[in-house]
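Subject: Handover of a structure for your study

Dear colleague,

Please find below the structure that I am handing over to you. My findings follow it, and I would ask you to keep the display open while you read.

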Amino acid sequence: MLSTSTRSSLLVLLLLISALRPHEGFILSPFHSRMPAPRVSSSPLRPLHGFFDKAFANEDMGKRENAGLKNGPKVNDQVTINGKPCKNAVVGQKIKVVAAAARVRIPYNCNNGECGTCTVTCNGRKVKACVTTVPNGKCNIQT
């Protein structure tokens, strides 16, 4: 049950509503009936009245070039890992990525060349696989 003060507040509110709209009683009219009618314009909708219509009329950009690589990546097919040829090794790609693609497991810890866990032999030199990249020409990697 509602308290006496709440009941009296509701009664006053209902009386005020009925006094404001006596022809409708307690039914409130829908919102859209109180909105003004939209204004109809005979002119076409043109932002900034055509100010930028001819802004680029004198620009001749020519034929567009492909935004990608022109000749694709440079592939080194002379890469071997533990005597197994590794195809699609890209020059400049890290040795750890090429080894992972060839399914050769190389352990890593730091991934920035500080710990030496990933040390492999590339063309007779000891290098760290996580930071060393595939060179041009022949590349023989031993794990």
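In what order do the elements of the protein chain run from the N terminus on? The order is α-β-β-β-β-α-β-β-β, which corresponds to 2 helices and 7 strands. Please bear in mind that this is a predicted model. Of the 143 residues in the protein chain, 15% count as buried. Among contacts with a separation of 6 or more, 36% are between residues 24 or more positions apart.

The sheet

Five of the strands deserve your attention, since they form an open sheet with the order β3-β2-β7-β5-β6 and mixed pairing. Strands β3 (84-86) and β6 (125-128) are at its edges; each has a single partner strand, so one side of each has no neighbour in the sheet. From one strand to the next, the twist averages 35 degrees.

Strand β7 pairs with β2 and with β5 in the following way. With β2 it runs parallel, and 3 bridges join the two; here Cys139 of β7 is the bridge partner of Val79. With β5 (residues 119-122), β7 (residues 139-142) pairs in the antiparallel sense over 2 bridges. In this second pairing, Gln142 of β7 is the bridge partner of Thr121.

What do the side chains do along β7? They alternate: Cys139 and Ile141 point to one face and are buried, whereas Asn140 and Gln142 point to the other face and are not buried. This agrees with a general rule, by which side chains in a regular strand alternate between the two faces of the sheet.

The nonpolar core

The largest nonpolar core has 19 residues, and those with the most contacts inside it are Val79, Ile81, Ile95, Val98 and Ile141. Two or more residues each are given to this core by β2 (79-81), α2 (95-101), β5 and β7. The largest share, 3 residues, comes from α2.

Ile141 is a useful residue to select in the display. Leaving aside residues up to four places away in sequence, Ile141 touches Val79, Thr80, Ile81, Asn82, Ile95, Val120, Thr121 and Cys122.

The cysteines

How many disulfides does the count give? The count comes to 0 disulfides. Cys86 is in no disulfide, and the nearest cysteine sulfur, that of Cys139, is 9.2 Å away. With a relative accessibility of 8%, Cys86 counts as buried, because buried means under 20%.

Why is Cys115 not bonded to Cys110? The sulfur of Cys110 is the closest cysteine sulfur to that of Cys115, but the distance of 3.5 Å is too far for a bond. The cut-off used for a disulfide is a pair of cysteine sulfur atoms within 2.5 Å. Cys115 counts as partly exposed, at 39% relative accessibility.

A serine in the first helix

Finally, please look at Ser9, which is placed in helix α1 (residues 4-20). Is Ser9 buried or partly exposed? At 48% relative accessibility, Ser9 counts as partly exposed. A polar atom of the Ser9 side chain lies 2.9 Å from the backbone oxygen of Ser5.

I suggest that you begin with the sheet and then turn to the core and the cysteines.

Yours sincerely,
A colleague

Key: Residues are numbered from 1 along each chain as its sequence is written. This is a predicted model: local features need pLDDT of at least 70, side-chain atom pairs count only at pLDDT 80 or more; totals for chains, interfaces and linings use all residues. Side-chain values use heavy atoms; hydrogens and water are left out. Two strands pair if DSSP finds at least two bridges between them. Helices (H or I, at least four residues) and strands (E, at least two) are DSSP runs, numbered from the N terminus. Axes are lines fitted to C-alpha atoms, for helices over the stretch in contact, and angles run from 0 to 180 degrees between N-to-C directions. A nonpolar core is a set of buried Ala, Val, Leu, Ile, Met, Phe, Trp, Tyr and Cys residues joined through side-chain atoms within 4.5 Å. Buried means under 20% relative accessible area, exposed over 50%, partly exposed in between (1.4 Å probe, protein chains only). Contact means heavy atoms within 4.5 Å. A polar contact is a pair of N or O atoms within 3.5 Å; within protein, one must be able to donate a hydrogen and the other to accept it, and residues adjacent in sequence count only if both atoms are side-chain atoms.
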